[in-house]
Amino acid sequence: MAIQMKAITMKLVSLIIACLLSISVYAAIDVYNFDSVQQEAQYRGLIEELRCPKCQNQNLAGSDAPIAQDLKQKTYDLIKEGRSDGEIRAYMQERYGDFITYKPPLRPSTWILWFFPPLLLISLIVGWFWQSRRSQRVARGQSGVTVDNAAALTTVEKAELDRLLSRANSNSNDNNDHDITSLEDKK
């Protein structure tokens, strides 16, 4: 008997939870009444195209932010007034700036958005080609840069190099240890 009561209680609790979840899902759905199918299609297209100012990378259709709800309502009101898509976009851009649209217009204030990515790509490709050509020339010995290694050393460094090289040569002739570090370095 206690097992049956527990099973009934669990079913009742799960039914209440399911009802509460379904109510919260329906509360998030916007219900707008349109005069025609064209108005509804216009509304759906615009809220898919316009960006939420708070969410930044989410359109109005996918955002539940309060500002997105307000913008959906304003879009609905403008459609009901008979405004065209262009007029609604112009209204939103005037009020929220070019950020509201995923396709900002080409003007001096948006040049960086339009031209920086291609210029960056071109400069990276040119740099990559330049570096690879330079590496090929260096590998073939055609770099045009000659370095006089002996002239690059001071007299003290030349003396130390000669001492180390002579010591290395004498050690290799004796088949001893090939350690060329000086006694001062080992201390």
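The following exercises, each with a worked solution, concern a predicted model of one protein chain.

**Exercise 1. The overall fold**

Determine how many helices and strands the chain has, and state the pattern that they follow along the sequence.

Solution. The count of elements comes first: the chain has 7 helices and 0 strands. Read along the sequence, the pattern is accordingly written α-α-α-α-α-α-α. The next step concerns burial: of the 187 residues, 17% count as buried. The surface may then be described, with about 14,500 Å² exposed by the chain and 61% of that area supplied by carbon and sulfur atoms. Finally, among contacts with a separation of 6 or more, 42% are made by residues 24 or more positions apart.

**Exercise 2. The surroundings of T75**

Establish where T75 is placed, whether T75 is buried or exposed, and which residues T75 touches.

Solution. The first step is to locate the residue: T75 belongs to helix α3, which covers residues 66-80. The second step is to classify T75; its relative accessibility is 0%, and the cut-off for a buried residue is under 20%, so T75 counts as buried. The third step is to list the contacts. Residues up to four places away in sequence being left out, T75 touches Y43, L46, I47, L50, I88 and M92. One of these contacts, I47, can be described further: T75 and I47 are 28 residues apart in sequence, and their C-alpha atoms are 7.8 Å apart in space.

**Exercise 3. An aromatic cluster**

Find how many aromatic pairs the structure contains, and explain why the pair of F34 and Y43 is classed as tilted.

Solution. A search of the whole structure gives 3 aromatic pairs. For F34 and Y43, the ring centres are 5.3 Å apart and the planes stand at 45°. Planes under 30 degrees apart would count as stacked and planes over 60 as edge-to-face; at 45°, the pair of F34 and Y43 is therefore tilted. The accessibility of the two residues is considered next. F34 has a relative accessible area of 17% and is buried; Y43 is also classed as buried, at 1% relative accessibility. To complete the picture, Y76 joins F34 and Y43 in one aromatic cluster.

**Exercise 4. Salt bridges within and between helices**

State how many salt bridges the structure holds, and describe where the partners of the bridges E49 to R89 and E160 to R163 lie.

Solution. The total is 7 salt bridges. In the bridge between E49 and R89, the closest N and O atoms are 2.4 Å apart. This pair links distant parts of the chain, since E49 lies in helix α2 (residues 37-49) and R89 in helix α4, 40 residues apart. Both partners are partly exposed: E49 at 23% relative accessibility, and R89 with a relative accessible area of 29%. The bridge also belongs to a wider arrangement, as E49, D85 and R89 are linked in a network of salt bridges.

The bridge between E160 and R163 has an N to O distance of 2.5 Å. Here both residues lie in helix α6 (residues 155-174), 3 residues apart, which is about one turn of the helix. E160 is partly exposed, with a relative accessible area of 32%, and R163 is partly exposed with a value of 32%.

A further bridge joins D98 and R107, with 3.4 Å between the closest N and O atoms. R107 counts as partly exposed, at 37% relative accessibility.

**Exercise 5. The loop residue T101**

Identify the loop that holds T101, and name the residues in contact with T101.

Solution. T101 is found in the loop between α4 (85-96) and α5. Its relative accessible area is 6%, so T101 is buried. Neighbours within four places in sequence being set aside, T101 is in contact with E49, R51 and Q93. Of these, R51 has a further role in the geometry: R51 lies over the face of F99, at 4.6 Å from the ring centre.

**Exercise 6. A nonpolar surface patch**

Name the residues that form the nonpolar patch on the surface, and describe the placement and exposure of L120.

Solution. The patch consists of L106, W111, I112, L113, W114, F115, F116, L119, L120 and L124, with about 1,100 Å² of accessible area together. L120 is placed in helix α5, residues 111-140. With a relative accessible area of 39%, L120 is partly exposed.

Key
Residues are numbered from 1 along each chain as its sequence is written. This is a predicted model: local features need pLDDT of at least 70, side-chain atom pairs count only at pLDDT 80 or more; totals for chains, interfaces and linings use all residues. Side-chain values use heavy atoms; hydrogens and water are left out. Rings of Phe, Tyr and Trp (its six-membered ring) pair if their centres lie within 6.5 Å; planes under 30 degrees apart count as stacked, over 60 as edge-to-face and the rest as tilted. Buried means under 20% relative accessible area, exposed over 50%, partly exposed in between (1.4 Å probe, protein chains only). A charge sits over a ring if NZ of Lys or CZ of Arg is within 6 Å of the ring centre and within 35 degrees of the ring normal. Patches are made of residues with over 30% relative accessible area and no salt bridge: like charges are joined within 9 Å, nonpolar side chains (Val, Leu, Ile, Met, Phe, Trp, Tyr) within 5 Å. Accessible areas come from the Shrake-Rupley method with a 1.4 Å probe; for residues, only the protein chains shown count as cover. A salt bridge is a side-chain nitrogen of Lys or Arg within 4 Å of a carboxyl oxygen of Asp or Glu. Helices (H or I, at least four residues) and strands (E, at least two) are DSSP runs, numbered from the N terminus. Contact means heavy atoms within 4.5 Å.
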